[in-house]
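Subject: A structure for you to look at

Hello,

Here is the structure I promised to pass on to you. Please open it beside this email, and then read on for what turned up in it.

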Amino acid sequence: QVQLVESGGGLVQPGGSLKLSCAASGFTFSSYVVSWYRQAPGKERELVAQIIRSSGRAIYADSMKGRCTISRDNAKSTVYLQMNALKPEDTAVYYCKIMDYWGQGTQVIVSS
């Protein structure tokens, strides 16, 4: 069955960096668009970044443009989200999404 497992979250100081990973299994990873979403306490889940199948073309939320990079390794069935210059408002649970499947999420806390 389809399984998505995120990792890489944690506590980081403002201005710091984190690299999130999402390992996928149970389907042909390279055939699908992959997205990262986040949900902060009391807020709706929002799209952070999305990467197209093989071309590597990506889109980003305005709030993250210039501060994050989404990438994928089709050989490893893994998508990454490199986040830099993190701000307290980036604190959220980050989820990867493929088709209608979601991972369990990984918590990112940006705080001094």
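Before the tour, one term: two residues are in contact when heavy atoms of theirs lie within 4.5 Å. Please also keep in mind that this is a predicted model.

Let's begin with Ser35, which is found in strand E4, residues 34-39. Leaving aside residues up to four places away in sequence, Ser35 touches Leu47, Ala49, Gln50, Tyr95, Cys96 and Lys97. With one of these, Gln50, the side chain of Ser35 makes a polar contact of 2.9 Å. Is Ser35 buried or exposed? Its relative accessibility is 5%, and residues under 20% count as buried, so Ser35 is buried.

The strand around Ser35 fits that picture. Five of the six residues of E4 are buried, so the strand is largely enclosed by the rest of the structure.

Which strands pair with E4? One is E5, residues 46-51, which runs antiparallel to E4 and is joined to it by five bridges. These two strands form a hairpin with six residues between them, and in the turn Gly42 has a positive phi of about 75°. The other is E9, which pairs with E4 over six bridges, again in the antiparallel sense. Trp36 is a good residue to click on here: its bridge partner in E5 is Ala49, and its bridge partner in E9 is Cys96.

Cys96 brings us to the disulfide. A disulfide is a covalent bond between the sulfur atoms of two cysteines. The structure holds one, formed by Cys22 and Cys96, with their sulfur atoms 1.9 Å apart. The link of Cys22 and Cys96 is right-handed, with 45° about the S-S bond. Why is this pair worth finding on the sequence as well? Cys22 lies in strand E3 (residues 18-25) and Cys96 in strand E9 (residues 92-98), so the disulfide ties together parts that are 74 residues apart in sequence. Both Cys22 and Cys96 are buried.

What about Cys68? Cys68 is in no disulfide, and the nearest cysteine sulfur, which belongs to Cys96, is 15 Å away. Sulfur atoms must lie within 2.5 Å to count as a disulfide. Cys68 is buried too, with a relative accessible area of 6%.

Next, the aromatic rings. The count comes to four aromatic pairs. One of them joins Phe27 and Tyr32 edge-to-face, at 5.7 Å centre to centre and with 70° between the planes. Tyr32 is partly exposed, with a relative accessible area of 31%. Ring pairs also link Phe27 and Tyr32 with Phe29 into a cluster.

Another pair is made by Tyr95 and Trp102. Their ring centres are 6.3 Å apart and their planes are at 90°, so this pair is edge-to-face. Tyr95 counts as buried at 12% relative accessibility, whereas Trp102 counts as partly exposed at 34%.

Tyr95 has a charged neighbour as well: Arg45 lies over its face, at 3.7 Å from the ring centre. In a similar way, the charged end of Lys19 sits over the ring of Tyr80, 4.7 Å from the centre of that ring.

If you would like a route through the model, start at Ser35 in E4, go on to the disulfide of Cys22 and Cys96, and finish at Tyr95 with Arg45 over its ring.

Enjoy exploring!

Best wishes

How values were computed: Residues are numbered from 1 along each chain as its sequence is written. This is a predicted model: local features need pLDDT of at least 70, side-chain atom pairs count only at pLDDT 80 or more; totals for chains, interfaces and linings use all residues. Side-chain values use heavy atoms; hydrogens and water are left out. Helices (H or I, at least four residues) and strands (E, at least two) are DSSP runs, numbered from the N terminus. Buried means under 20% relative accessible area, exposed over 50%, partly exposed in between (1.4 Å probe, protein chains only). A polar contact is a pair of N or O atoms within 3.5 Å; within protein, one must be able to donate a hydrogen and the other to accept it, and residues adjacent in sequence count only if both atoms are side-chain atoms. Two strands pair if DSSP finds at least two bridges between them. Rings of Phe, Tyr and Trp (its six-membered ring) pair if their centres lie within 6.5 Å; planes under 30 degrees apart count as stacked, over 60 as edge-to-face and the rest as tilted. A charge sits over a ring if NZ of Lys or CZ of Arg is within 6 Å of the ring centre and within 35 degrees of the ring normal.
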